[in-house]
Amino acid sequence: MPFSDELVFLTRQLHLKMERRIQALRWKPPADVYRSRDGWLIKLDLAGVRQEDIKVNINGNFLSVSGRRVDLAREAGFQLQSLEIAYGEFERVFEFPVSIEGARFLTDFRNGMLLVRILLGE
């Protein structure tokens, strides 16, 4: 393999490894999805996420919920011993069997849970 081709190959490999690391920094909050006669209810566990840091987007058959959780309790003088809570950017995407763009949406955020109600035909 000529030097320039090898350099391009190594650069691509490095880029892919960095891309995987960046994707790994995103976390996926757990979610429950319920179906009813009128539509759906999605519940996401977003403990520690501020309501103003949450974005809900609709595109065709897809609903995406994204945002950011910040570690507000970090204080000077403390060294990390164990980190089990995920911080940083998150995103969940849900696909539905029909377009939800014309549906009515109700959201409620309480006790760290985001509830998204999708009501069809109203």
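Two strands are said to pair if DSSP finds at least two bridges between them. With that in mind, good morning, and let us turn to the structure above, which is a predicted model.

I begin with strands E3, E4 and E5. Strand E3, residues 54–59, runs antiparallel to E4, and six bridges join the two. Within this pairing, Val56 stands opposite Val65 of E4. The hairpin of E3 and E4 has two residues between the strands, and Gly60 there takes a positive phi near 65°. On to E5: eight bridges join E4 to E5, and these strands also run antiparallel. Val65 appears once more here, since its bridge partner in E5 is Arg92. How many of the eight residues of strand E4 are buried? Six are, so strand E4, residues 62–69, is largely enclosed by the rest of the structure.

I now come to the open sheet. Four strands make up this sheet, in the order E1-E2-E7-E6, and their pairing is antiparallel. Its edge strands are E1, residues 31–35, and E6, residues 104–110, each of which pairs on one side only. On average, neighbouring strands of the sheet are turned by 15° against each other, with direction ignored. Strand E2, residues 39–45, is joined to strand E7, residues 113–119, by seven bridges, and the two run antiparallel. As one of the contacts in register, Gly39 has Leu119 in E7 as its bridge partner. As a general remark, side chains in a regular strand alternate between the two faces of the sheet.

Next, the aromatic residues. A search of the whole structure finds two aromatic pairs. One of them is formed by Trp27 and Phe90, which are tilted, with 5.0 Å centre to centre and 50° between the planes. Trp27 lies in the loop between helix H1, residues 3–25, and E1, whereas Phe90 belongs to strand E5, residues 88–95, so the pair ties together parts that are 63 residues apart in sequence. Are these two residues buried or exposed? Both Trp27 and Phe90 are buried.

The other pair consists of Trp40 and Phe96, again tilted, at 4.7 Å centre to centre with 55° between the planes. This pair links distant parts of the chain, with Trp40 in strand E2 and Phe96 in the loop between E5 and E6, 56 residues apart. The relative accessible area of Trp40 is 8%, and that of Phe96 is 5%. Why do we call them buried? Because the cut-off is under 20% relative accessible area, Trp40 qualifies, as does Phe96.

Arg69 also deserves mention alongside the rings. Arg69 lies over the face of Trp27, at 3.9 Å from the ring centre. The charged end of Arg69 also sits over the ring of Tyr87, 5.9 Å from its centre.

Let me finish with the nonpolar core. Which residues of the largest nonpolar core touch the most other members? Among its 17 residues, they are Ile42, Leu46, Leu63, Phe96 and Ile118. Elements giving two or more residues to this core are E2, E4, E5 and E7. Phe96, already met as the partner of Trp40, touches Trp40, Ile42, Asn61, Leu63 and Ile118, leaving aside residues up to four places away in sequence.

Thank you for your attention.

Conventions
Residues numbered from 1 in each chain as written. Predicted model: local features only at pLDDT ≥ 70, side-chain atom pairs only at ≥ 80, totals over all residues. Heavy atoms only, no water. Axes fitted to C-alpha atoms, helices over the stretch in contact; angles between N-to-C directions. Phe/Tyr/Trp six-rings, centres within 6.5 Å; stacked < 30°, edge-to-face > 60°. Buried < 20%, exposed > 50% of the residue type's maximum accessible area, 1.4 Å probe, protein only. Lys NZ or Arg CZ within 6 Å of the ring centre and 35° of its normal. Core = buried A, V, L, I, M, F, W, Y, C linked by side-chain atoms within 4.5 Å. Contact = heavy atoms within 4.5 Å.
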